[in-house]
Amino acid sequence: MSVRIGHGFDAHRLVEGRPFILGGVSIACERGPFGHSDADVLAHAVADAVLGAAALGDLGTHFPDSQARWKDADSLALLRECVRIVGDEGFAVGNIDATVVVQAPRLAPHVQRMRENLAAALGVPVSDVSVKPKSSEGLGYTGDGSGIAAYAVALLTRAGS
């Protein structure tokens, strides 16, 4: 069996009037991430990590924001499609470790639901998905409240390689 590791990153600015969706969880907040899809930075970072581990590009390669059909797309559905894409190449998701950096809202009460949603989209047990919320203590765009960022690492396996 071979093992592949991928790293993903995503960031969005926070704006008024947008829903705050993270890991497929809608969180009450005055501002939400701005983007072409639902702007779920966590799902996007995980998807990029999964695609990257298989050397199959990134989210924008497969779902470009220049195409209207991806407007307001459900990022968990995009993640499921990424898992299918890597699966077609013989890969399976082993585990995910992700970090979300944002000053507000507080994410800890929502982490378990995020893990469950991501695990379902990835086709793995919840125990194989880690989500860690962090603040940047007032530093930079994640600390001043103007943005949110997520980082993810994915482990893929391929049998018979």
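The questions and answers below concern the core, a buried arginine and a surface patch in this predicted model.

Reader: Which element gives the most residues to the largest nonpolar core?

Author: The largest nonpolar core of the model has 48 residues, and among those with the most contacts inside it are Leu42, Val46 and Val50. Several elements give two or more residues to this core, including strand 5 (91–101), helix 4 (111–122), strand 7 (147–158) and helix 1 (41–53). The element that gives the most, with ten residues, is helix 1.

Reader: Is Arg18 buried or exposed?

Author: Arg18 lies in the loop between strand 1 (2–16) and strand 2, where, leaving aside residues up to four places away in sequence, Arg18 touches Arg31, Gly32, Pro33, Phe34, Gly35, Ser37, Asp38, Ala39 and Asp72. Since buried means under 20% relative accessible area, and Arg18 has a relative accessibility of 15%, Arg18 counts as buried.

Reader: Which backbone oxygen lies 3.0 Å from a polar atom of the side chain of Arg18?

Author: The side chain of Arg18 has a polar atom 3.4 Å from the backbone oxygen of Gly35. The backbone oxygen that lies 3.0 Å from a polar atom of this side chain is that of Pro33.

Reader: What is the relative accessible area of Val153, and which nonpolar patch does Val153 help to form?

Author: Val153 is found in strand 7, and with a relative accessible area of 35% this residue is partly exposed. On the surface, with about 280 Å² of accessible area together, the residues that form the nonpolar patch are Val3, Ile5 and Val153.

Technical notes:
Residues numbered from 1 in each chain as written. Predicted model: local features only at pLDDT ≥ 70, side-chain atom pairs only at ≥ 80, totals over all residues. Heavy atoms only, no water. Core = buried A, V, L, I, M, F, W, Y, C linked by side-chain atoms within 4.5 Å. Buried < 20%, exposed > 50% of the residue type's maximum accessible area, 1.4 Å probe, protein only. Helix = DSSP H or I, 4+ residues; strand = E, 2+ residues; numbered from the N terminus. Polar contact = N/O pair within 3.5 Å; in protein donor to acceptor, adjacent residues only side chain to side chain. Contact = heavy atoms within 4.5 Å. Patch = residues over 30% accessible without salt bridge, like charges linked within 9 Å, V, L, I, M, F, W, Y side chains within 5 Å. Areas by Shrake-Rupley, 256 points an atom, 1.4 Å probe, with all protein chains shown as cover. Salt bridge = Lys/Arg side-chain N within 4 Å of Asp/Glu carboxyl O.
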